[in-house]
Amino acid sequence: MSGIFKFKQFNVDQSDCAMKINTDGVLLGALAAIDQPKNILDIGTGTGVIALMLAQRYTEAKIDAVEIDETAAETAGKNFNNSIFADRLSIYPIGFEQFFEQNPGEKYDFIVSNPPFFINSLKSPEAKKELAKHTDEDFFKKLIKTVAAHLNPEGVCWLIIPSTIADFVFYLAAENDLCLQKRINIKSFEDSTPHRVIACFGFEKVSTEINKLVIYEDDKIYTLQYRELLKDFLIIF
């Protein structure tokens with residue numbers, strides 16, 4: 001049972017998946033927000049952890065999750081079916097482009113993604129990790145264009161990305177009439193350089209709200225900010 005990651009309201013079996021639950025996913029699942037969404041799309045759901053966290057937070061929302069890796073999609077489907085949120089979660093074992101080819105008129109209030117990266121970086125030796133965590137500029141161009149086409153007028157899209165490619169993604173968003181509404185810089189320690197950015201985009205033109213989240217106050221000691229954020233999900237808090 002070592003492949004089971006236990007949360008307070010659900011469990012995630014990740015034993016057959018190359019990409020395990022990590023800080024990026026749980027941070028996005030806890031920080032991404034919108035008022036009372038009716039429908040949510042999780043692009044690249046992996047084991048389904050972000051979709052499950054959003055199902056816990058938004059008790060009236062219907063959540064669709066797409067995942068191109070067949071093994072991960074099968075695992076996510078099992079995790080959904082084994083949860084108390086099963087009736088509101090659906091898995092689609094295809095890429096987001098194919099999903100919208102099959103559902104061209106579908107629009108969402110809330111789109112989230114912990115997308116593959118890194119642009120132009122060295123490739124991972126494990127094929128599944130390469131599929132899950134490496135991509136190129138074309139991927140992000142397609143992702144942002146697709147998000148803009150399938151986001152409701154008052155909707156928002158939240159992404160978590162490496163800080164090194166944040167400006168590129170912001171540029172793509174602006175090209176597709178999406179405004180950077182919120183930016184959260186994620187740092188390991190207070191004096192660290194941010195290594196991730198969680199960004200919120202929408203069509204409403206507003207001044208960008210900039211915040212930060214620090215994970216550790218000392219070695220292996222989480223900050224109060226981090227513990228408060230995840231206390232409803234992680235059994236260690």
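**Entry 1: Phe 7.** I started with Phe 7 and set aside its neighbours within four places in sequence; what remains in contact with it is Val 12, Ile 21, Val 26, Val 49, Phe 233, Leu 234 and Ile 235. A reminder to myself: this is a predicted model.

**Entry 2: the cores.** Next I looked up the nonpolar cores. The largest has 43 residues. Which residues have the most contacts inside it? They are Phe 7, Phe 110, Trp 158, Ile 198, Leu 213 and Leu 230, so my starting residue, Phe 7, is on that list. I then checked where the core residues come from, and helix α2 (residues 49-57) gives the largest share, seven residues. Apart from this core lies another, of 30 residues. Its members include Ile 144, Cys 157, Phe 170 and Ala 199. I noted the general background too: nonpolar side chains tend to be buried together in soluble globular proteins.

**Entry 3: strand β9.** Ile 198 and Ala 199 had both turned up in the cores, and I went on to their strand. Is β9 (residues 196-202) mostly covered or mostly open? I found it mostly covered, with seven of its seven residues buried. Then I sorted the side chains by direction. Arg 196, Ile 198, Cys 200 and Gly 202 point one way, while Val 197, Ala 199 and Phe 201 point the other way. Ile 198 belongs to the largest core, and Ala 199 to the core of 30 residues.

**Entry 4: partners of β9.** Which way does β7 run relative to β9? I found the two antiparallel, with seven bridges joining β7 (residues 151-162) to β9. In this pairing I picked out Ile 161, which stands opposite Val 197. Strand β8 (residues 179-187) is also antiparallel to β9 and is joined to it by seven bridges. Here I noted Leu 180, which stands opposite Phe 201.

**Entry 5: positive phi.** I closed with backbone angles. Gln 36 has a phi near 45 degrees, a positive value in a residue other than glycine. I placed Gln 36 in the loop between α1 (23-31) and β3 (39-43). Its relative accessible area is 74%, so I put Gln 36 down as exposed. Lys 220 also went into the notebook: its phi is near 65 degrees, again positive in a residue other than glycine. Where is Lys 220? I found it in the loop between β11 (216-218) and β12 (221-222). With a relative accessible area of 72%, Lys 220 is exposed.

Notes:
Residues numbered from 1 in each chain as written. Predicted model: local features only at pLDDT ≥ 70, side-chain atom pairs only at ≥ 80, totals over all residues. Heavy atoms only, no water. Buried < 20%, exposed > 50% of the residue type's maximum accessible area, 1.4 Å probe, protein only. Helix = DSSP H or I, 4+ residues; strand = E, 2+ residues; numbered from the N terminus. Pairing = 2+ DSSP bridges. Core = buried A, V, L, I, M, F, W, Y, C linked by side-chain atoms within 4.5 Å. Contact = heavy atoms within 4.5 Å.
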